[in-house]
Each structure stands twice: as C-alpha cells, then as structure tokens.
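Let's take a walk through this one together. Have a look at the model first, and then we'll start from a pocket and work outward.

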Amino acid sequence: MTETVVSTTKAQSGTTALTNAPAGQTSSLPEHPKPKKKQQQDKSAGGRLRALDGLRLLAALMVAGYHYGGRGGYVTEAWGSSPKLQFPTLHSLLAYGCLGVQIFFIISGFVICMSGWGRSLRSYFASRVARLLPAYWVAVVLVTAVFALPAVAYEAVSPSDALLNLTLLQEPLGADRVLGVDWTLWVEVRFYALFALFIVLPGANRRRIVLFCAVWTLAAAIAQSSGEPILSLVLMPEYAPFFIGGIGIYLLHRDRRDITAWGIVAVSWLTGQHYAVDNLWHPQTPDQFSYRSSFVIILIVTLGFAAVLAVALGWLRWADWRWLTVAGALTYPFYLVHEHLGWVVIKVLHQDFGLSSWVTVTSTVTLMLLVAWLLNRYVENWATPLLRRSLTGFPVKN
C-alpha cells in the first residue's frame with residue numbers, strides 16, 4: 001500500500017500537482033517530454049489532485065475495517081470473541097474491505113506513471129526509496145518493540161526475522177512478517193521494478209507505455225495459465241490489471257480522447273474483476289467467516305476504477321479541500337501501523353476497559369491516525385527529503 005499501500009499501495013503520497021488535459025488536446029503527445037516543461041505545465045494547471053488523497057485514505061479505512069471486524073484470526077484474541085459477535089450485521093460488509101488493496105494498486109499505477117514520466121532512473125529510484133522506507137523502518141521497530149512487551153500477548157518475530165524485515169525482502173525469503181500489510185509493499189516493489197526497467201530506463205513516452213501495458217496484460221495471462229511460479233512471481237497476474245488500469249487512467253488524464261487508453265482501462269477492469277472474484281469469492285458455508293457476493297466484489301472493483309477515473313478526468317475537481325492533503329499524508333503510515341498496533345489497542349479498550357465494540361473500533365482508528373500523524377510529522381517530513389538528497393545529491397520532486 002503505499003504509492004500506498006500504499007504506497008503503499010499501497011499507500012503513497014498522491015499530492016503531485018496535475019489536472020485535466022486541455023479540452024482541445026488531441027492524442028498526439030510528445031514522445032519524449034522534457035521534465036522541466038512538464039513541471040511548468042503541471043504548475044500552471046493549478047493545484048494537486050486532492051480528491052486522490054481522499055480516495056487513498058478511504059481505501060486505507062476499508063482495509064482497517066476488514067482487519068478489525070471483517071475477518072477472524074488474531075483480531076479474535078483482541079476482541080475476546082469472533083468479530084461476528086462484535087458486529088453481527090456489519091461484519092459481512094467489513095469483509096469486503098480487503099478490496100481496498102486493489103484500489104490502492106489502481107491509484108499506484110496512476111501515480112507512478114504520473115511521477116515517473118520524464119524522470120531519470122536515479123531520480124525515480126531515490127523517490128521510491130525515500131517514499132517507502134523511513135516510515136516503514138520506524139513502523140517495523142515500533143511494532144517489534146510493542147510486541148516484545150511482557151504485557152502484550154502477541155508473539156514477536158525472531159530478532160533475525162525482524163532485522164530482515166527492514167529490507168522489505170522478508171516475503172520472498174520466507175521470513176515472518178512484522179507488519180501484516182507488508183505483503184502489499186512487496187507487490188508494489190515488483191511493480192516499481194517493472195516500470196523502471198521497461199519505462200523509466202529507456203525513457204517514458206506514450207507509445208512505450210501502451211506497449212508495456214499490452215505486453216504485461218498478455219504475459220500475465222500466460223503466466224496464470226502456465227502455472228509457472230517464477231512467471232507469477234514476476235508478472236503478478238492477479239494484481240497486474242489494477243496497476244495497468246491505473247496507468248491507462250493516467251493516459252486518459254493526459255488526453256481523455258485517447259481511444260487506446262480507454263481500451264487499456266476497459267480490459268484491465270474486465271480482467272481485474274475476474275481475479276478479484278476468483279480470489280475472494282467463496283460458497284456460502286458455515287465454515288467461512290463471511291460470505292462475499294461476486295456481484296458486490298464486481299461492484300466495488302468497478303467503483304474503484306470509476307473513482308480514480310473521475311479524479312483523472314477532473315470530475316472531482318470540486319473536492320479541493322485542504323484537509324484532504326493531510327488525509328493523503330496520513331494514509332501510508334496509518335496503513336503500516338493500524339493492523340498489529342490496532343490489535344493491542346482493541347484488547348486494552350474492549351477487554352480491559354470494557355468499552356463497547358463501536359467505541360473501541362472508533363477510538364482505535366482515531367488513535368492509529370494520531371500515530372500516523374506523528375510518523376508523518378516527525379519522521380517522514382524530514383527523513384524523506386533527507387534520504388532523497390542523499391541518493392540524488394539534490395532535491396527531487398515527490
């Protein structure tokens with residue numbers, strides 16, 4: 001979750017200043033736009049895409065709802081009983097919150113294409129590293145320290161695995177994860193690598209990006225049908241449509257008359273909803289925590305694509321409230337800490353203090369947002385630009 005997840009993904013900062021292409025612009029775009037000229041156009045276009053910040057936070061809150069009340073597992077220990085009993089009606093709706101991850105990936109495809117266009121490989125690498133790692137490192141240390149406290153009932157990972165988590169390579173190396181959500185960061189990192197290799201390194205232009213989207217879509221389908229683990233690892237067939245769809249939406253942001261881009265978005269939506277249903281739908285049986293309707297899964301995926309598209313086409317330009325920028329800044333650190341630290345808070349508030357389920361979950365979300373604000377204010381605001389300068393030798397755009 002960063003370009004969070006953020007990015008980040010799931011959950012990354014979506015504050016780059018871009019608006020809709022001029023009404024008279026055609027699909028004939030410069031094959032190699034100069035970065036300086038692009039920055040001037042973006043600045044004159046007027047303002048950041050604040051609605052995208054709000055959408056990112058909404059996706060993070062969907063995931064938090066899923067972790068707190070839409071699934072079983074460790075959170076059951078925090079509540080002292082199944083979330084089914086805590087939220088008899090709402091738990092079946094919260095079970096769809098995991099689809100916030102797919103929405104993160106759509107946003108990430110949009111933002112990475114937007115920020116990577118016209119950028120050098122060094123600048124691109126520095127931007128991604130500086131955006132992901134400072135808050136992530138602190139979150140890993142914080143959660144490890146909290147779980148090591150005698151009063152906390154949850155088992156901490158081994159010291160070796162905790163150290164490995166600092167590299168973001170714990171997933172491929174099979175180590176225990178400190179943060180439950182960091183699997184999405186591993187997905188994001190692979191997307192960043194593909195985009196760097198095939199777009200940023202040779203130089204971004206519309207033709208190359210369209211070819212990248214087409215080849216990745218076809219290759220991901222081949223990987224899925226072949227069953228080869230290495231192909232699936234690299235090409236990520238179940239998540240590729242969401243990144244590709246976000247890239248296509250960015251092309252429409254540049255030129256809404258681009259028929260090819262509309263085709264990329266349409267194919268990505270069609271394949272994306274298929275993978276989402278295939279992975280998340282299950283028959284309605286007593287053995288399952290909750291039943292997810294295939295219709296609702298399709299609806300949420302569709303709304304995710306539509307919401308990012310609405311931002312890209314300028315339909316949500318009226319949502320230009322300053323607080324949305326703050327919301328976007330809090331999304332990534334909130335996404336990192338909310339699950340595991342949330343378990344600890346839920347147990348204290350609900351079992352130890354006897355607060356109701358609703359007061360507990362509301363208070364937990366509020367406290368996690370406060371922790372996110374502290375991480376953003378006292379870690380990201382100084383560490384991110386410092387790390388970027390260290391990697392590039394000069395300040396670079398976000």
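How do the residues of the lining of the largest pocket divide into nonpolar, polar and charged? Keep in mind that we're looking at a predicted model. The split comes out at 18 nonpolar, nine polar and five charged residues.

So much for the make-up of the wall; now for the space itself. The largest pocket has a volume of about 750 Å³. Its lining counts 32 residues, and if you head for the centre, the closest ones you'll meet are Arg71, Arg177, Gly180, Glu339 and His340. Several elements put two or more residues into this lining, among them α2 (50-69), α6 (100-116), α7 (121-147) and α10 (182-200). The top contributor is α16, with four residues.

Keep your eye on that helix as we turn to the packing. The largest nonpolar core takes in 114 residues, and Phe110, Phe195 and Trp216 have the most contacts inside it. Helix α16 (residues 323-352) again gives the most, this time 13 residues to the core. For a feel of the packing, zoom in on Phe110: leaving aside residues up to four places away in sequence, Phe110 touches Leu49, Leu52, Gly246, Ile247, Ile249, Tyr250, His253, Val308 and Ala312.

Now zoom back out to the whole chain. You can count 17 helices and zero strands. Of the 398 residues, 55% are buried. On the outside, the chain exposes about 17200 Å², with carbon and sulfur atoms supplying 66% of that area.

How values were computed. Residues numbered from 1 in each chain as written. Predicted model: local features only at pLDDT ≥ 70, side-chain atom pairs only at ≥ 80, totals over all residues. Heavy atoms only, no water. Buried < 20%, exposed > 50% of the residue type's maximum accessible area, 1.4 Å probe, protein only. Areas by Shrake-Rupley, 256 points an atom, 1.4 Å probe, with all protein chains shown as cover. Core = buried A, V, L, I, M, F, W, Y, C linked by side-chain atoms within 4.5 Å. Contact = heavy atoms within 4.5 Å. 1 Å grid on protein atoms, 1.4 Å probe; cavity = no way out; pocket = protein on both sides within 12 Å on 5 of 7 lines; lining within 4 Å. Points joined across faces, edges and corners; volume = space filled by probe spheres on them. Nonpolar A, V, L, I, M, F, W, Y, C, P; charged D, E, K, R; others polar.
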